[in-house]
Amino acid sequence: QPRHGYRFVVVEHAACTPAALDGALGEACSHPVDGLLFYHQEAHYAFGSTPLVGWLKPYMVPEMLPGVHLHESFLVGRPSDYVSVAVDIAKYEEARRLLKQKQT
């Protein structure tokens, strides 16, 4: 057990192809999945925003990757007020803006 209470673990990974994503997301998972990380594997990264990395909550997959089969268990964490990825991003950005405004 690390001093800080967290440990690093190797996470499952799959190629970003329809067949690989169907295989990874088409069946129930034995552990909670917070999201899917997409990144360009040949790029070098620095801290900060970049178009080379993306993150999707599992329930966002059908909207962003039509045709990829998603097991129903991945929809359990979907918020009742969820509308779309665009609305979710706008809510997140507004919350960050308000937090920054409050801190100054």
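On the surface of this predicted model, Leu37, Tyr39, Tyr45, Leu52, Val53 and Trp55 come together as a nonpolar patch, with about 600 Å² of accessible area between them. Two strands contribute to it: strand 1 and strand 2 (53-56) each supply at least two residues of the patch. Val53 is a good residue to pick out here, since you will find it in strand 2. Its relative accessible area is 35%, so Val53 counts as partly exposed, because that class lies between the 20% limit for buried and the 50% limit for exposed residues.

From the surface, let us turn to the interior. The largest nonpolar core has 13 residues, and those that touch the most other members are Leu25, Met60 and Val61. Helix 1 (18-25) and strand 1 (36-39) each provide at least two residues of this core. Strand 1 is thus worth a second look, as it also supplies at least two residues of the nonpolar patch.

Try centring your view on Leu25. Leaving aside residues up to four places away in sequence, Leu25 touches Leu36, Val61, Val68, His69, Leu70, His71 and Phe74. Val61, one of these partners, is itself among the core residues that touch the most other members.

Now for the charged residues. Side chains of opposite charge can pair when their charged atoms come close. This structure holds 3 salt bridges. In one of them, Asp34 pairs with Lys57, and the closest N and O atoms are 2.7 Å apart. This pair links distant parts of the chain, 23 residues apart: Asp34 sits in the loop between helix 1 and strand 1, while Lys57 sits in the loop between strand 2 and helix 2 (61-64). Lys57 has a relative accessible area of 25%, so it is partly exposed.

Another salt bridge joins Lys91 to Asp81, with 3.3 Å between the closest N and O atoms. Here too distant parts of the chain are linked, with Lys91 in helix 3 (residues 85-103) and Asp81 in the loop between helix 2 and helix 3, 10 residues apart. Lys91 is partly exposed at 41% relative accessibility, and Asp81 is partly exposed at 47%.

Staying with helix 3, you can find Glu94 and Arg97, both within this helix and 3 residues apart, about one turn. They form a salt bridge whose closest N and O atoms are 2.7 Å apart. Glu94 is partly exposed, at 35% relative accessible area, and Arg97 is partly exposed as well, at 42%.

How values were computed
Residues numbered from 1 in each chain as written. Predicted model: local features only at pLDDT ≥ 70, side-chain atom pairs only at ≥ 80, totals over all residues. Heavy atoms only, no water. Core = buried A, V, L, I, M, F, W, Y, C linked by side-chain atoms within 4.5 Å. Buried < 20%, exposed > 50% of the residue type's maximum accessible area, 1.4 Å probe, protein only. Helix = DSSP H or I, 4+ residues; strand = E, 2+ residues; numbered from the N terminus. Contact = heavy atoms within 4.5 Å. Patch = residues over 30% accessible without salt bridge, like charges linked within 9 Å, V, L, I, M, F, W, Y side chains within 5 Å. Areas by Shrake-Rupley, 256 points an atom, 1.4 Å probe, with all protein chains shown as cover. Salt bridge = Lys/Arg side-chain N within 4 Å of Asp/Glu carboxyl O.
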